[in-house]
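Student: I've got a model open and some labels I'd like to challenge. Can we go through them one at a time?
Tutor: Sure, bring it up and start wherever you like.

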Amino acid sequence: MDETTLRAQLPEKIAARVSSLKVTGERVTAVLGGTGLTGRERAELENAAKQALESVAGVSEANIAITAEKVMRRFIAVGSGKGGVGKSTLTANLAVALKRMGYAVGVVDADIYGPSQPTLLASEGAKPEAIDQTLQPVTGVMGIPMLSMGHLIAPGKALAWRGPMVAGALTQLVEADWGAADIILLDLPPGTGDVQLTMVQKHKPDGAVIVSTPQDLALIDAARAGQLFETAGIPVIGLVENMAGYQCPHCGEFSDPFGQGGVESIAARLELPFLGRIPLTMDIRTASDAGTPPAAEDGPSGAAFAAIAAKLADWLGAPTSKPSASQAAQN
Ligand code: ADP
């Protein structure tokens, strides 16, 4: 049996990954490319290839090796000066918008005080497994791989944890088996305390996005968050204004409960880019609670998130990796 005949008998999904096949009598040695696959996917590929080869008449034993290049991965922190300004909502929707643009994106929910990504990206109740002591992300909306403190502990429990325990758990989330995902959005806890400092110093995100509502008190804290990143040498990609302007669903009149334009002017004062604004709308709140991020749709709220994701994409450059086979299958 020669290599070409053997290759032709393999399922297409396996054949596409074969980089070499060597036949010695009834024995076959195959090398398959596993770049971008998670540990679990690599193991599945190995089993499937072995079974497929050994079921070919004339083959009694198949030895499989899977090779993999290291994925160059970038972490983008999403931070805010205070809680409740929409940092998690923005993170989830940016992930969805980037995914729609072709990025292989993942999400780490490091907000130990209010891990909301499992709700926002519809993966509540999922339990991440560990393989060889490395956490395997669970899958959220649109096949986005994600991990949250909310997947690991009961709500509210982490509040009682000591600093080193929190830092240890967050490291496991960051250093999980992210497979093909090469852009990871990090939803940080609000504020500029120890957890944020550890995340920033230990894991050195490649860039940071800061979210604020437009009122003065939030702006002061947002500026402080900007300083935290800059002091650690992390480039601030830009500032986002959330909850800017409200249209009354009954009379259609616009009002600005928190003022408007405050974030843009503070960005100018700090000489940081302004990435855009998201209006305060009922549909953002209800869609978020329902695990259906508005960025998955083309409506006005979706467009607001997409415009900010486009600026983030400019900063990131073109997508470099394709989603893995299993991620693509889930879309
Ligand atoms: P943070 O992560 O900063 O604590 P969240 O993203 O959890 O904030 O948002 C806090 C609350 O505000 C959530 O109930 C969310 O649905 C709501 N929210 C966030 N942004 C908007 C918006 N633009 N319009 C309406 N509700 C919003």
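Student: What makes the end-to-end distance of helix α3 (residues 39–54) agree with a helix of 16 residues?
Tutor: This is a predicted model, so we're checking computed coordinates. At 1.5 Å a residue, the 16 residues of α3 should span 22 Å, and its end C-alpha atoms sit 23 Å apart, so the two agree.

Student: Why are the buried residues of α3 said to line one face of the helix?
Tutor: The buried ones are Glu-41, Arg-42, Leu-45, Ala-49, Ala-52 and Leu-53. Look down the axis of α3 and they fall within an arc of 100°, so they line one face. On the face turned away from that buried side you'll find the exposed residues Asn-47, Gln-51 and Glu-54.

Student: How do you know that α9 (residues 216–231) has the span expected of a helix?
Tutor: Its 16 residues, at 1.5 Å each, should span 22 Å; the end C-alpha atoms are 23 Å apart, so that agrees.

Student: And what makes its buried residues count as one face?
Tutor: Buried in α9 are Ala-218, Leu-219, Ala-222, Ala-225, Gly-226, Leu-228 and Phe-229. Down the axis of α9 they stay within an arc of 165°, so they line one face of the helix. Turned away from the buried side are the exposed residues Asp-216, Leu-217 and Thr-231.

Student: What covers the buried residues of α9?
Tutor: The cover includes β4 (74–80), α8 (194–203), β11 (207–212), β12 and α10 (262–269). After α9 comes Gly-233, with a positive phi near 75°.

Student: Why is Met-101 called partly exposed?
Tutor: Count its neighbours. Met-101 has 16 C-beta neighbours inside 10 Å; buried takes 20 or more and exposed 12 or fewer, so 16 lands in between and the label is partly exposed. Met-101 sits in the loop between α4 and β5 (105–109).

Student: Which residues is Met-101 in contact with, leaving aside neighbours within four places in sequence?
Tutor: Ala-309 and Ala-313. The C-alpha atoms of Met-101 and Ala-313 are 8.6 Å apart, though 212 residues separate the two along the chain. The contact call uses C-beta atoms within 7 Å, so the C-alpha distance doesn't decide it.

Student: What makes Leu-186 stand out in the largest nonpolar core?
Tutor: That core has 74 residues, and Leu-186 is one of those with the most contacts inside it, along with Leu-94 and Val-209. Leaving aside neighbours within four places in sequence, Leu-186 is in contact with Phe-75, Ile-76, Ala-77, Val-78, Val-108, Ala-110 and Pro-205. Another core, of 12 residues, lies apart from it, with Val-28, Leu-32, Leu-37 and Ala-49 among them.

Student: How do you know which residues come nearest the ligand?
Tutor: There are 19 residues around the ligand, and Gly-86, Lys-87, Ser-88, Thr-89 and Arg-285 come nearest. At least two shell residues are supplied by each of α4 (87–100), β12 (236–247), β14 (274–280) and α11 (282–289).

Student: What classes make up that shell?
Tutor: 6 nonpolar, 11 polar and 2 charged residues. Gly counts as polar here, so Gly-86 goes in the polar class.

Student: Last one: how much of the protein chain counts as buried?
Tutor: 43% of its 331 residues. The chain has 13 helices and 14 strands, and its C-alpha trace spans about 75 × 45 × 35 Å along the principal axes.

How values were computed: Residues numbered from 1 in each chain as written. Predicted model: local features only at pLDDT ≥ 70, side-chain atom pairs only at ≥ 80, totals over all residues. Near = placed C-beta within 6 Å. Helix = DSSP H or I, 4+ residues; strand = E, 2+ residues; numbered from the N terminus. Expected span 1.5 Å × (residues − 1). Arc of directions from axis to C-beta. Contact = placed C-beta atoms within 7 Å. Core = buried A, V, L, I, M, F, W, Y, C linked by C-beta atoms within 7 Å.
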